Amino acid sequence: MEDVNIKSIRYPIAVDVKLETLSLKFGRTKKLFFEQMVDYFFKSKKDPKDLSDEVLKKELSNGNSRIISFVRKQESDFLLPTFSNLGKLLILSNAHSKYLEGLSQYAVSDESQTKRIITGMMLLEKAIVKTQMNLDEKAVLKTKFSKILERYISSRESLGWTDSSAKKEELQGLARESLKNI
């Protein structure tokens, strides 16, 4: 089997002390820590010479600018119309609440009027029932009186009063007519 670890790097002792301190701090061997450093710089494309990391600052600045422009676009597209429509909605809500208050007052007055109408209808119903009873009593009285009158007429006829027949018929007709008008 071939050994893949054939390359070596020579560096000063001060760098070796720093490398060893860092590897111990992160709990890795010097070789593993070195391999991970190379992978980090390879993947991040950072320049190890750039200690203030200007490339990263530029990328962050560009990212921040993109985020800020996105937020501003969202603000102009969504938030500002929402706030302007919210004002209109508040005005409509106030108008609707006044309208609903008016309806509430109308409902209260309508309820009292309805109660008065119901009371009046109940009184009217009682009066109609009483009138109907009176009409029924009147019809019964008419029937009884009619029987009495007919008996009177037939009895008078049987007694044979001496008055003329025309006067008798006229008297009977008047009596019957008066009876009907009761």
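This is a short walk through the pockets, the salt bridges and one surface patch of a predicted model.

I'll start with the pockets. The largest one holds about 330 Å³ of space. It is lined by 13 residues, and those closest to its centre are Lys-7, Ser-8, Ile-9, Lys-31 and Phe-34. Which element gives the largest share of that lining? Helix α2, residues 30-44, with five residues. Sorted by class, the lining has seven nonpolar, four charged and two polar residues.

The second largest pocket has about 210 Å³. Its lining consists of Phe-33, Phe-34, Gln-36, Met-37, Val-38, Tyr-40, Phe-41 and Pro-48. Here the classes are seven nonpolar and one polar, with no charged residues. Phe-34 is worth finding on the screen: it is among the residues closest to the centre of the largest pocket, and it also lines the second largest one.

Now the salt bridges. The count is four, and I'll go through some of them.

Asp-16 pairs with Lys-30, with the closest N and O atoms 2.8 Å apart. This pair links distant parts of the chain, since Asp-16 sits in helix α1, residues 13-26, and Lys-30 in helix α2, 14 residues away. Lys-30 is partly exposed, at 31% relative accessible area.

Within helix α2, Glu-35 and Lys-31 form a salt bridge, at 4.0 Å from N to O. They are four residues apart in that helix, so about one helical turn separates them. Is each end buried or exposed? Glu-35 is partly exposed at 37%, and Lys-31 is partly exposed at 48%. Lys-31 is also one of the residues closest to the centre of the largest pocket.

In helix α3, Lys-73 and Asp-77 are again about one turn, or four residues, apart. Their closest N and O atoms are 3.5 Å from each other. Lys-73 has 48% relative accessibility, so it counts as partly exposed. Asp-77, at 36%, counts as partly exposed too.

Staying in helix α3, we come to Arg-72. Arg-72 is exposed, because its relative accessible area of 57% is over the 50% cut-off. Its C-alpha atom lies 35 Å from that of Phe-42, which is 30 residues away along the chain.

Last, the surface patch. Leu-79, Phe-83, Leu-86, Leu-89, Leu-90 and Leu-92 make up a nonpolar patch, with about 600 Å² of accessible area together. Leu-86 belongs to helix α3, residues 54-159. With a relative accessible area of 42%, Leu-86 is partly exposed.

How values were computed
Residues numbered from 1 in each chain as written. Predicted model: local features only at pLDDT ≥ 70, side-chain atom pairs only at ≥ 80, totals over all residues. Heavy atoms only, no water. 1 Å grid on protein atoms, 1.4 Å probe; cavity = no way out; pocket = protein on both sides within 12 Å on 5 of 7 lines; lining within 4 Å. Points joined across faces, edges and corners; volume = space filled by probe spheres on them. Helix = DSSP H or I, 4+ residues; strand = E, 2+ residues; numbered from the N terminus. Nonpolar A, V, L, I, M, F, W, Y, C, P; charged D, E, K, R; others polar. Patch = residues over 30% accessible without salt bridge, like charges linked within 9 Å, V, L, I, M, F, W, Y side chains within 5 Å. Areas by Shrake-Rupley, 256 points an atom, 1.4 Å probe, with all protein chains shown as cover. Salt bridge = Lys/Arg side-chain N within 4 Å of Asp/Glu carboxyl O. Buried < 20%, exposed > 50% of the residue type's maximum accessible area, 1.4 Å probe, protein only.
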